[in-house]
Amino acid sequence: MKKSFLSAAALVLTMGLSAYAQDDYEDYAYDEGVAESAPEGYSEVSDDAELEADASTARSRIDEEKSARAEAAAASASESSSDFKPLQYGVHLGVGVSGTYGSEEVPVFNGFVIDRYGDPFAGFIGVNLDLGGVVSYRINKMFGVNAELNFHFVDYFKESEVWGIEVWDSYYGTYVTEPVDENMITVGISIPVMARLYPTSGSYAELGAQLNLNLMGKFSLDNTDYDYNEDMGDWKVETVGFGVVVGGGVIVTAGTTRMELGARVVVDLTRIEADEPVFDANNESWRPPVEAKGWHVQFVCNFIL
């Protein structure tokens, strides 16, 4: 009985292996072109097809990653472009105080006789105004160049230590001398050109030179209390001047509006008045020109368009 059972099991196993071998042979024969028809249950998906499908999936994933990186780079470039534009234009406004330095005492001649010595520029203080346009070129995010073309106005003044006017004092019943103010005005064009450093996206520092083209100068005496104003004569300002500029400030951005707020110091290296004798027609006196120069402190605002 036991032998019969073992014989039956061996027969079944042998028949299964034969069937599997037959199926494998038929698949192989069809793949190699020996058999004309595909065996029953044959799958057309080969190992090569599976590998090709895996490669296609990998390529799709790589393409998706590349596309995501490109979109991120474009978004980053778009954000940075709003903060950094190589060439910009705007309107410049500068207001502040002015004064003189490098003055000296000079002889004042009445005819050929020295009448007195004096410093005609001692104690001058004044106000200044610059109004014009600005061009800003950014070499990169850290460095740039700024140039301006401005209408330039300076009004120096002081209480005179030399001149006065005679007015009637009804209380004392006599004439008294009232002081007058000396006023010196220069009008022209200023062209500063400055190198700029941007340590952060919201700040800047600048250093450069300024060309001054003075178109008009006037020297006069006045006393507003007595409605007195008198021209001092043929006073001339130096036509071309140069100076140095140093400053800095902050950059404020609100939407598409960009504004620079800062402070600036301008020191003139060229004398204020022309290099020729100064004649006072009222007193029939004259003096040599003085080497006095100007300094200017300004609060500046650039509206970037």
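Two aromatic rings of Phe, Tyr or Trp count as a pair if their centres lie within 6.5 Å. Planes under 30 degrees apart are stacked, planes over 60 are edge-to-face, and the rest are tilted. Keep these cut-offs at hand for the first exercise. The model is predicted.

**Exercise 1. Classify the ring pairs of Phe124.**

Task: Find how the ring of Phe124 is placed against the rings of Phe121 and Phe219.

Solution.

Step 1. Start with the total. The structure holds six aromatic pairs.

Step 2. Take Phe121 and Phe124. Their ring centres are 5.8 Å apart and their planes stand at 50°, so this pair is tilted. Phe121 and Phe124 are both buried.

Step 3. Take Phe124 and Phe219. Here the centres are 6.2 Å apart and the planes stand at 90°, so the pair is edge-to-face.

Step 4. Place these two residues in the chain. Phe124 is in the loop between S3 and S4, while Phe219 is in strand S7, so the pair ties together parts 95 residues apart in sequence. Phe219 is buried, like Phe124.

Step 5. Widen the view. Ring pairs join Phe121, Phe124, Tyr156, Phe219 and Trp235 into a cluster.

**Exercise 2. Find charges over rings.**

Task: For Arg116 and Arg138, name the ring under the charge and give the distance.

Solution.

Step 1. Recall the cut-off: CZ of Arg must be within 6 Å of the ring centre and within 35 degrees of the ring normal.

Step 2. Look at Arg116. Its charged end sits over the ring of Trp163, 5.8 Å from the centre.

Step 3. Look at Arg138. This residue lies over the face of Tyr198, and the distance to the ring centre is 3.7 Å.

**Exercise 3. Follow the strand pairs.**

Task: Trace how S2 pairs with its partners, then do the same for S4, S5 and S6.

Solution.

Step 1. Begin at strand S2, residues 106–110. Four of its five residues are buried, so the strand is mostly covered.

Step 2. Pair S2 with S3. They run antiparallel over five bridges. Pro107 stands opposite Tyr117 in S3. The hairpin has two residues between the strands, and Gly111 there takes a positive phi near 75°.

Step 3. Pair S2 with S12. These strands are also antiparallel, joined by two bridges. Phe109 faces Trp286 in S12.

Step 4. Move to S4, residues 125–138. S4 and S5 pair antiparallel over 14 bridges. Ser136 stands opposite Asn146 in S5. Four residues make the hairpin link from S4 to S5.

Step 5. Go on to S6. S5 and S6 pair antiparallel over 21 bridges. Phe151 has Ile189 in S6 as its bridge partner. Four residues lie between the strands in this hairpin, where Gly173 takes a positive phi near 65°.

**Exercise 4. Describe the largest pocket.**

Task: Give the volume of the largest pocket, then say what lines it.

Solution.

Step 1. Volume: about 360 Å³.

Step 2. Lining: 21 residues, with Arg116, Pro120, Val162, Trp163 and Arg287 nearest the centre. Two of these names have come up before: Arg116 has its charged end over the ring of Trp163.

Step 3. Elements: S3, S5, S11 and S12 each supply at least two lining residues. S5 gives the most, with four.

Step 4. Classes: 12 nonpolar, two polar and seven charged residues.

**Exercise 5. Compare the cavities.**

Task: Set out the volume and lining of each cavity of 30 Å³ or more.

Solution.

Step 1. Count. There are two such cavities.

Step 2. Describe the largest cavity. Its volume is about 150 Å³. It is lined by 16 residues, and Asn212, Asn214, Asp268, Arg271 and Ile272 lie nearest its centre. S5, S7 and S9 each give two or more residues to this lining. The classes are six nonpolar, seven polar and three charged.

Step 3. Describe the second largest cavity. It holds about 40 Å³ of space. Its lining is Asp234, Trp235, Lys236, Glu273, Ala274, Glu276, Pro277 and Val278. Four are nonpolar, none is polar and four are charged.

**Exercise 6. Place Pro199.**

Task: Is Pro199 buried, partly exposed or exposed?

Solution.

Step 1. Locate Pro199. It is in the loop between S6 and S7.

Step 2. Apply the cut-offs: buried is under 20% relative accessible area and exposed is over 50%. Pro199 has 47%, so it is partly exposed.

Step 3. Check a contact in space. Pro199 and Met142 are 57 residues apart along the chain, and their C-alpha atoms are separated by 6.4 Å.

Note on methods:
Residues numbered from 1 in each chain as written. Predicted model: local features only at pLDDT ≥ 70, side-chain atom pairs only at ≥ 80, totals over all residues. Heavy atoms only, no water. Buried < 20%, exposed > 50% of the residue type's maximum accessible area, 1.4 Å probe, protein only. 1 Å grid on protein atoms, 1.4 Å probe; cavity = no way out; pocket = protein on both sides within 12 Å on 5 of 7 lines; lining within 4 Å. Points joined across faces, edges and corners; volume = space filled by probe spheres on them. Nonpolar A, V, L, I, M, F, W, Y, C, P; charged D, E, K, R; others polar. Pairing = 2+ DSSP bridges.
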